[in-house]
Amino acid sequence: MNNFIFENETKVFFGRGCVKEYLACLTKGYGDTVILAFGGGSIKKNGIYDEVVSILNRSGKQIVEFPGIMANPTYAKVLEGAKLARKHDAGRMRIMFPMIWQRP
């Protein structure tokens with residue numbers, strides 16, 4: 001194996017109201033464009049999509065949607081996302097994966 005360094009700066013927020021409380025401050029220090037990556041339609045059905053988009057719009061961010069992210073995305077899907085980021089000049093772009101987990 002070749003030597004390498006991997007850095008994964010990820011923050012995960014848990015709890016009710018986290019989107020409202022933290023999202024606007026998380027967009028500071030990045031560019032004007034956000035890639036909003038999500039899976040199927042559940043994010044739109046449960047209202048999180050509208051909440052996230054509303055906060056990003058109020059923060060003056062341009063939103064680029066990247067829907068259809070499956071569990072364990074394929075390499076082809078990753079390349080598709082990279083192409084989208086290049087197309088929208090992802091210099092200091094925030095990529096967001098809104099996730100909601102509900103107890104069955």
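A residue counts as exposed when its relative accessible area is over 50%. Phe6 reaches 64% relative accessibility and is therefore exposed. With that cut-off in hand, the tour can start; the model is a predicted one.

**Stop 1: the N-terminal segment**

Select Phe6 first, in the segment that comes before helix H1 (18–26). Then add Met1 and Phe4 to the selection: together with Phe6 they make a nonpolar surface patch of about 500 Å².

**Stop 2: helix H1**

Move on to H1 and show the side chains of Cys18, Leu23 and Leu26, which are buried. They sit on the same side of H1, because the arc they cover around the axis is only 85°. Now turn to the other side of H1, where the residues to select are Lys20 and Glu21, both exposed.

**Stop 3: helix H4**

Next, select helix H4, residues 75–87. Confidence in the protein chain is highest here, at a mean pLDDT of 89.

Within H4, pick Lys77 and Glu80, whose side chains meet in a salt bridge with an N to O distance of 3.6 Å. Side chains of opposite charge can pair when their charged atoms come close. The count of salt bridges comes to one. Why are Lys77 and Glu80 separated by about one helical turn? They are three residues apart in helix H4. An α-helix has 3.6 residues a turn, so residues three or four places apart point the same way.

Is each partner buried or exposed? Lys77 has a relative accessible area of 13%, so this residue is buried; the cut-off for buried is under 20%. Glu80, at 41% relative accessibility, counts as partly exposed.

Keep Lys77 selected and display its surroundings. Leaving aside residues up to four places away in sequence, Lys77 touches Phe66, Pro67, Gly68, Ile69 and Met70.

**Stop 4: the low-confidence regions**

Colour the chain by pLDDT. The average over the protein chain is 79, and 86% of the residues score at least 70. Where is confidence lowest among the elements of the chain? Select strand S3, residues 94–96, where the mean is 59.

Finish at residues 100–104, over which pLDDT stays under 50. For this stretch the model has two contacts beyond four places in sequence. Where pLDDT is low, the predicted coordinates should not be read in detail.

How values were computed: Residues numbered from 1 in each chain as written. Predicted model: local features only at pLDDT ≥ 70, side-chain atom pairs only at ≥ 80, totals over all residues. Heavy atoms only, no water. Patch = residues over 30% accessible without salt bridge, like charges linked within 9 Å, V, L, I, M, F, W, Y side chains within 5 Å. Areas by Shrake-Rupley, 256 points an atom, 1.4 Å probe, with all protein chains shown as cover. Salt bridge = Lys/Arg side-chain N within 4 Å of Asp/Glu carboxyl O. Helix = DSSP H or I, 4+ residues; strand = E, 2+ residues; numbered from the N terminus. Buried < 20%, exposed > 50% of the residue type's maximum accessible area, 1.4 Å probe, protein only. pLDDT = per-residue confidence, 0-100. Contact = heavy atoms within 4.5 Å. Arc of directions from axis to C-beta.
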